[in-house]
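Please open the model in your viewer and set it to a ribbon display, so that each stop on this tour can be selected in turn.

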Amino acid sequence: MVLFVLIELELINFMSYKHAKMLFHSGFNILFGKKGSGKTAVLEAIRLLFGGIGKERVQAIAECVRYGEQKAIIKARLKNIINIGGREIRLLEEHPLDEFVLERHIYDDGKSVFKLNGKNISKREILKILAKVNISPRNILFFLPQERVNAVSYTHLTLPTTERV
């Protein structure tokens, strides 16, 4: 079992959010709310923070910046030590603390910058760190956009029983 790596998520000028801070707990976390309340935006923020490119939900990453603002910030506090099957894995080998901060600054011109504990880091390095615990923004088992859920549900409901997988 993989313990949840995300401790806290902060969104600043991201999509419909002016400012929001959410706490997550080990185990199962549920986002719920009315249609259009920003649940999918939270999942999109996590995917973008973890190196995703945002093609499914937004045409261009610049569309993630709240209307009228120049920059959006996705900031998360993450666990540095993960226990998988009784084996301890340290995401950042050189980092002595149990937690670290990962950020993605997205600008209205479509450019973005990743930061690890306040210092710039490449997307490739982010992907390498998260791969240690099998997290990938490209894996639809971790990040399934709402549009794809709807398409799968619709297909499942409209196919004859003999053609369903």
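The tour goes from the sheet to the helices and ends at the surface.

Keep in mind throughout that this is a predicted model. Begin by selecting the sheet, an open one in which 6 strands follow one another in the order 2-1-3-6-7-8, with antiparallel pairing. At its edges you will find strand 2 (17-23) and strand 8 (119-121), each of which pairs on one side only. If you follow the sheet across, the twist averages 20° from one strand to the next.

Next, select strand 1 (residues 6-14) together with strand 2, which run antiparallel and are joined by 6 bridges. Within this pair, pick out Glu10 and look across to strand 2, where Lys21 stands opposite.

Now turn to the helices. Select helix 1 (residues 39-49), which lies across strand 1, strand 2, strand 3 (71-79), strand 6 (99-107) and strand 7 (112-116), and which runs at about 105° to strand 1. Then move to helix 2 (residues 123-131), which lies across strand 6, strand 7 and strand 8 and runs at about 80° to strand 8.

For the last stop, switch to a surface display and select Phe28, Ile30 and Phe32, which make a nonpolar surface patch of about 470 Å². Of these residues, Phe28 is found in the loop between strand 2 and helix 1. Is Phe28 buried or exposed? Phe28 counts as exposed because its relative accessibility is 73%, and the cut-off for that term is over 50%.

Definitions and conventions: Residues are numbered from 1 along each chain as its sequence is written. This is a predicted model: local features need pLDDT of at least 70, side-chain atom pairs count only at pLDDT 80 or more; totals for chains, interfaces and linings use all residues. Side-chain values use heavy atoms; hydrogens and water are left out. Two strands pair if DSSP finds at least two bridges between them. Helices (H or I, at least four residues) and strands (E, at least two) are DSSP runs, numbered from the N terminus. Axes are lines fitted to C-alpha atoms, for helices over the stretch in contact, and angles run from 0 to 180 degrees between N-to-C directions. Contact means heavy atoms within 4.5 Å. Patches are made of residues with over 30% relative accessible area and no salt bridge: like charges are joined within 9 Å, nonpolar side chains (Val, Leu, Ile, Met, Phe, Trp, Tyr) within 5 Å. Accessible areas come from the Shrake-Rupley method with a 1.4 Å probe; for residues, only the protein chains shown count as cover. A salt bridge is a side-chain nitrogen of Lys or Arg within 4 Å of a carboxyl oxygen of Asp or Glu. Buried means under 20% relative accessible area, exposed over 50%, partly exposed in between (1.4 Å probe, protein chains only).
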